Amino acid sequence: MITNTGAYRNKRIVLIWSGVLSLLLLSQLQAQAQVHPPRPVSVYYNPSLGLRFGAIFLSTTGGTLTILPDDSRSSTGGVVQAGLGYAYGAANFEIQANPGTIISILNGPDATLYGSGGGSMSLHIGSSYPVSPFITTATPPSYTTVKIGGILTVGSPVANPVGSYSGSFMVTFMQE
């Protein structure tokens, strides 16, 4: 009687190894839950934390006044920064979105600010922090704060008489 136990044992070893290999491959696969559906971006704005340029003095020529996203300011030309207790700083926006959402900021056109005593100034929307595009990290109900600066072009004292200047500007937050 001839038995072929060696061939049977080899088949059995191959089956065991293929079973072990299958288990190893399956153990490398990770179970993943469904990704959160995109959440519409919510943007909150507090007017008291709007773009504020503070007080200035003008010489005979105009110039510019710049507010950066870090709330610092600088001036050029005949624009002289004055304290006088008037606040200055970047506009603050609060963004709520799922963590990992990519947000881009699209600045609107230049805006015009009108003075209480006449005159007007041009406002160019500046850079932002975080820099656009950015990825949200806060989990709602927390929010990601975005600060946006601007550049104010000021004319001569005749074109821009003393007074309060106000206006509005537009920015668009786009969820990608």
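These legends describe close-up views of a predicted protein model.

**View 1. The whole chain is built mainly as a series of strands, with 1 helix and 13 strands in the protein.**
Read along the sequence, the helix comes before the strands, in the pattern α-β-β-β-β-β-β-β-β-β-β-β-β-β. The protein has 176 residues, and 29% of them are buried. Take the contacts between residues at least 6 apart in sequence: 71% of these join residues at least 24 apart. The accessible surface comes to about 11,400 Å². Carbon and sulfur atoms account for 61% of that surface.

**View 2. The largest nonpolar core has 24 residues.**
Which residues have the most contacts inside this core? They are L123, V146, I148, L152 and F173. Several strands give two or more residues each to the core: strand 3 (55-67), strand 6, strand 7, strand 8 (111-115), strand 9 (120-129), strand 11 (144-154) and strand 13 (171-175). The largest share comes from strand 11, with 4 residues.

**View 3. L123 is one of the residues with the most contacts inside the core.**
Set aside its neighbours within four places in sequence. L123 then touches L51, F53, D110, A111, L113, G150, I151, L152 and F169. One of these partners, L152, is also among the residues with the most contacts inside the core.

**View 4. M121 is a buried residue in strand 9.**
Is M121 buried or exposed? Its relative accessibility is 7%, so M121 counts as buried; the cut-off for buried is under 20%. Beyond its neighbours within four places in sequence, M121 is in contact with A111, T112, L113, L152, T153, V154, N160 and Y165. Look at L152 in particular. M121 and L152 are 31 residues apart along the chain, yet their C-alpha atoms are separated by 6.8 Å.

**View 5. A salt bridge joins K147 and D71.**
How many salt bridges are counted in this model? The count comes to 1. The closest N and O atoms of K147 and D71 are 2.4 Å apart. The pair links distant parts of the chain, 76 residues apart. K147 sits in strand 11, and D71 sits in the loop between strand 3 and strand 4. D71 is partly exposed, because its relative accessibility is 26%, and partly exposed covers the range between 20% and 50%. The backbone of D71 also deserves a look. Its phi is positive, about 75 degrees, although D71 is not a glycine. Most residues other than glycine have a negative phi.

**View 6. L84 belongs to a nonpolar patch on the surface.**
The patch is formed by F57, V80, L84 and Y86. Together these residues have about 450 Å² of accessible area. Where is L84 placed? L84 lies in the loop between strand 4 (73-82) and strand 5 (88-89). Its relative accessibility is 58%, so L84 counts as exposed; the cut-off for exposed is over 50%. L84 also has a positive phi, near 55 degrees, in a residue other than glycine.

**View 7. T101 is a buried residue in a loop.**
The loop runs between strand 6 (91-96) and strand 7 (102-107). T101 has a relative accessible area of 9%, so T101 is buried. Which backbone atom does the side chain of T101 reach? The side chain reaches the backbone oxygen of N98, at 2.6 Å. Not counting residues up to four places away in sequence, T101 touches F134, I135, T136 and Q175.

**View 8. The peptide bond from S132 to P133 is cis.**
Omega for this bond is near -5 degrees. P133 lies in the loop between strand 9 and strand 10 (134-135). Most peptide bonds are trans.

**View 9. A cis peptide bond also runs from P140 to P141.**
Here omega is near 20 degrees. P141 lies in the loop between strand 10 and strand 11.

Key. Residues are numbered from 1 along each chain as its sequence is written. This is a predicted model: local features need pLDDT of at least 70, side-chain atom pairs count only at pLDDT 80 or more; totals for chains, interfaces and linings use all residues. Side-chain values use heavy atoms; hydrogens and water are left out. Buried means under 20% relative accessible area, exposed over 50%, partly exposed in between (1.4 Å probe, protein chains only). Contact means heavy atoms within 4.5 Å. Accessible areas come from the Shrake-Rupley method with a 1.4 Å probe; for residues, only the protein chains shown count as cover. Patches are made of residues with over 30% relative accessible area and no salt bridge: like charges are joined within 9 Å, nonpolar side chains (Val, Leu, Ile, Met, Phe, Trp, Tyr) within 5 Å. A salt bridge is a side-chain nitrogen of Lys or Arg within 4 Å of a carboxyl oxygen of Asp or Glu. A polar contact is a pair of N or O atoms within 3.5 Å; within protein, one must be able to donate a hydrogen and the other to accept it, and residues adjacent in sequence count only if both atoms are side-chain atoms. A nonpolar core is a set of buried Ala, Val, Leu, Ile, Met, Phe, Trp, Tyr and Cys residues joined through side-chain atoms within 4.5 Å.
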